[in-house]
Amino acid sequence: MEILLLLGFLWKSCCCWGSLLAVPTGGVTLSPQLALLYEEVLYTIRHRLGKPEQQHVGDSQELYSYVQKAFGMDAEEHGVIMQQVMELESPIYCLKATVKEAKGILGKDVSGLSDPYCLLGIDTRSQEPAHPDHKKRMKAVVKDLIPEDQIHRTQVINQTLSPVWNETFILEFKDVETASFHLDMWDSDVVESMRHKLGELTDLHGLKRIFKDARKDKGQDDFLGNVVVRLKDLHCWDDQWYQLEPRTETYPERGHCHLQFLLTHKKRATTSSRTQPSYTVHRHLLQQLVSHEILQHQAGSTSWDGELSSHASTVLYLHATQKDLSDFHQDMAQWLAYSKLYQSLEFNSSCLLHQITSIEYRWVQERLRPEQKAELAESFQSLLTYGVSLIRRFRIIFPLSVPRSTERLQSLLRVLVQMCKTKAFHELCTPSPDLPQMVSTALKSGTTEWFHMQKQHLKPMVKSIEENSKALSMLLLEVIEDLKQCQKIWNKLFSTNLKLNIFSIAYLELESLVAEHVQEQLHKVDSSMSRPTAESLFDLYRKLQDLYQMKDSLPSRDGPLALSNFHQWFEEALPLWLQKAYTTTLERAQRAIQMDQLKPYGYHKHSTSTVDLSTCYAQIVTTWQQLNWPDPEKAFMIMVNLLEDMCKISLMYCKLIKERAEALSLSEQNEGEAANKLCIVVNNIEQLRLQMLKLPSQLAWAQLEQRTRGIIEPQQIQNALHNQLDSTVACLDHEVRDVVQALATKLEKGIARHIQELSSSSDTQKPEDSIIPLMKFLESELQYLNEHLVQENFKSLLTLLWHHTLSVLSAARGPQVPSVQHCQRLFCALKSLERCFHAEGCGLPLKTLHSAAFRTLEAHLALCSTNSRKLIQKYFSNRIQQQLDTSSEKYGAVTIKALYRPSEQKLHVEVLNATNLIPLDSNAHPGAPARVPRGGGSDHPVQEERAAPALRRGLRLLDPPREVPAGRGLSAADCV
């Protein structure tokens, strides 16, 4: 693409410059216009004036070689034209001297001020220090050195020590090597009366001046100082302050004078100088040299940045100074040349920014002739038209694949905006065009052209529905990518410079074109479309959806878009898309089960088929998200359809994976491997169950319910979605429980056998030793299952095993009264199993372990495994604890000891003390004796009542033991 553009630019260059800038080659006649321009540049180099600038080339031979290459001249053509230049008459050399101002000069008048003026001219005699008359001429005044007709005089500035003249003089000379510039500054002396002078007297120095004036001739001017400059010491252009030199040492400090010099030509003998305006010739020369510079950079595969080489700068500088071109005319010539070249050769448009800024700055100060104004106006219009055409094709001219494309486009926009803002543009181009409107129109047309070009480029070779759909998808991909570039990259440039939103312009244009083209292609699709056709249309639907969703980035819009109801174009293909999703998932799940060896997948505890099924479900979720069907009612039906398919596949998976486990187990004939397979199966089903539980969030049911509010009844949503999912999850839970129960059944036999062995072991064996086989068995089996089952399934298995173990232990204690050793073994086993199943918090929680059956069994075994002494201690401890826990009664409390003698059927009671008795006597102390009744209840009526002695002044009652027949309980109230 870049090579084609370069060839185009070179072709336009040849066409535009045609007769003027034709590059001669062997056997081709030299263009007369080019020969005249070459004569002009050789004449300029031959008659150069002034010392070279530091950045310029001082060797004339180097300049000759450079312009020969720049004009494409061979040695013979160069020699012929050089000979013609040498035969031409030399120009008149001129020094354009401008006396600008002075400062710090002497005050010669009585008032302490002066009335200065300057005399200046060219002394053609040598001013070399070795010349015998050098010192004398340096002190001589202008009137003594230069003929009177060659002396120039400035105006008199009255009464000042800092005069300002700004007067320019043209001084001719013949030989720059011997000529020198002389300037004398004088104080104009006008004849005044003595009374007037005395009136101006201000100090003693003024009085001395009056006496001095009286001695000199009337009307004689006073010398203020002079400046002498050798012309060969000047550059082509100089501007600086010079010290005024005295003729005597009376006043060595005489101030400074600001002078500006320009070495120019008059009456140049070249044809171009005699027949064309100076700035026109300079513009042609500039175009020729700049085109050479650009082509030199392009030959080196680099882009020209606007900087001219030192050779080109030197030639152009010499030509501009010799032709005495003003800064404004130089800027205008550069603008005309650069703006013309920009339309034919490729370079950075930022080079134009300096020229248009300079023209704007100097526009008030300079005036042009009518033909110059017309030429400048034409350059404005031409560049504007060309620049807008580049913007119209910015996708091709400034591709992002080429480095610095964005900088180049931004530079062009800045130049056009700055040009349209200038006073020159508004005065010369009437009526002034609206740049943003022009660019907006160009962007619209350019976007349309680009779309049709892309459509033609992607047009399929084979005319089929599938190929057309693929071509449409590729076209939409290009459109979407282009809009992303407009939004992220180009929009900033156009918005900053022109306040235009290029993304909005491009989107509205492309969206309309895409809608029209897609509808045109879909009309060709038959209603009874095939499955491949429907699949190709799904990709097209997704691309259209991506394009339509980009509308959210539009700042504002009026009316609906052309793609507003694009989903309706695909309603006939929608059932085929859903059927494709179902069959693909079903077939992949069946293949995954057939290939599954029911071995752990990596670090997971489930196998590969679950991973494949999760991927298929994720693809279904992605399909739902990609569909994003705008119609809420239709979207609900799609969701119901997808959920039904996923539920059917889940239940089918449970059935097939169990069949697969049975088949693999039969082929291996190994109980351990069969258990492994069951572990993998239950893990797979559990993983599937968890995957199903994630569907509401993954499929965004809450958002769907929000969209269908007011359209679908909540109960219908509950029945169609939530109830169906809950039913499937319940089925999966049931499948998990079945498999876990099968695993538990395999272990229950072993547990029952070890507990039976434990129960029948010898009483002489320690309980800790008797439970070792059981704990080893559980440790081995549970460790294996923990490694192969997921945590949820393992805990479910532990729960089943725990309940079974409790029932086996309960049955092992027997209906008859067991021995203490037997109960101790069972109790030790129970506590060890409790710790085993809890596993320090990693197994079952204590709340699950401490069920009612466990607490009952634990209490029974704890009592049965304890000796009589400990039982009595425990009994009394419980009674004491009950007494401590009992709250105080209304009449206080009494402490007694009782012993029942069965042989005598008597209860031996000892009253120990009483507390918190209520006061009944007048001295606030209780005085009633304690009464101990006999007998109890209705079966044993009271036979005797004996009173204990009362301790009237204390709360403690002491009494020897009393014997009371058993049968009735005692209370504090009875005692009182």
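**Exercise 1. Which strands pair with strand E9, and over how many bridges?**

Solution. Start with the residue ranges: strand E9 covers residues 893–901 and strand E10 covers residues 906–915. The two pair in the antiparallel sense over nine bridges. Here, helices (H or I, at least four residues) and strands (E, at least two) are DSSP runs numbered from the N terminus, and two strands pair if DSSP finds at least two bridges between them. Next, pick out one pair: threonine 895 stands opposite asparagine 913 in E10. Finally, look at the turn: this hairpin has four residues between its strands, and glutamine 905 takes a positive phi near 50°.

Before you go on, note that this is a predicted model, in which local features need pLDDT of at least 70 and side-chain atom pairs count only at pLDDT 80 or more, while totals for chains, interfaces and linings use all residues. Residues are numbered from 1 along each chain as its sequence is written, and side-chain values use heavy atoms, with hydrogens and water left out.

**Exercise 2. Work out the order of the sheet that contains strand E1, and find its edges.**

Solution. First, write down the order: E4-E1-E8-E7, an open sheet of four strands with antiparallel pairing. Second, find the edges. Strand E4 (164–173) and strand E7 (237–243) each have a single partner strand, so one side of each lacks a neighbour in the sheet. Third, check the turn between neighbouring strands, which is 20° on average, direction ignored. (Axes are lines fitted to C-alpha atoms, for helices over the stretch in contact, and angles run from 0 to 180 degrees between N-to-C directions.) Fourth, look inside the sheet: E1 (residues 92–103) and E8 (residues 256–266) are joined by eleven bridges, and alanine 97 has phenylalanine 261 in E8 as its bridge partner. Last, add the helix: H11 (residues 310–322) packs on the sheet and touches E7 and E8, its direction making about 95° with that of E8. Contact means heavy atoms within 4.5 Å.

**Exercise 3. How do helices H19 and H20 run relative to each other, parallel or antiparallel?**

Solution. Begin with the axes: those of H19 (residues 465–498) and H20 (residues 502–522) come within 9 Å and cross at roughly 170°. H19 is therefore roughly antiparallel to H20. The cut-offs are under 35 degrees for roughly parallel, over 145 for roughly antiparallel, 65 to 115 for roughly perpendicular, and oblique for the rest. Now see who takes part: the contact includes Leu472, Leu476 and Trp490 of H19 and Phe503, Tyr507 and Leu510 of H20. To finish, sort the contact by class: 15 nonpolar, five polar and one charged. (Ala, Val, Leu, Ile, Met, Phe, Trp, Tyr, Cys and Pro count as nonpolar, Asp, Glu, Lys and Arg as charged, and the others, Gly among them, as polar.)

**Exercise 4. Now try the same steps on helices H2 and H10.**

Solution. The axes of H2 (residues 32–46) and H10 (residues 278–299) come within 11 Å and cross at roughly 95°. H2 is therefore roughly perpendicular to H10. Among the residues in contact are Leu34 and Glu40 of H2 and His284 and Leu285 of H10. By class, there are five nonpolar, two polar and one charged.

**Exercise 5. Which residue lies over the face of phenylalanine 223?**

Solution. Apply the rule: a charge sits over a ring if NZ of Lys or CZ of Arg is within 6 Å of the ring centre and within 35 degrees of the ring normal. Arginine 247 is the residue, at 4.5 Å from the ring centre. Likewise, lysine 648 lies over tyrosine 582, at 5.0 Å from the ring centre.
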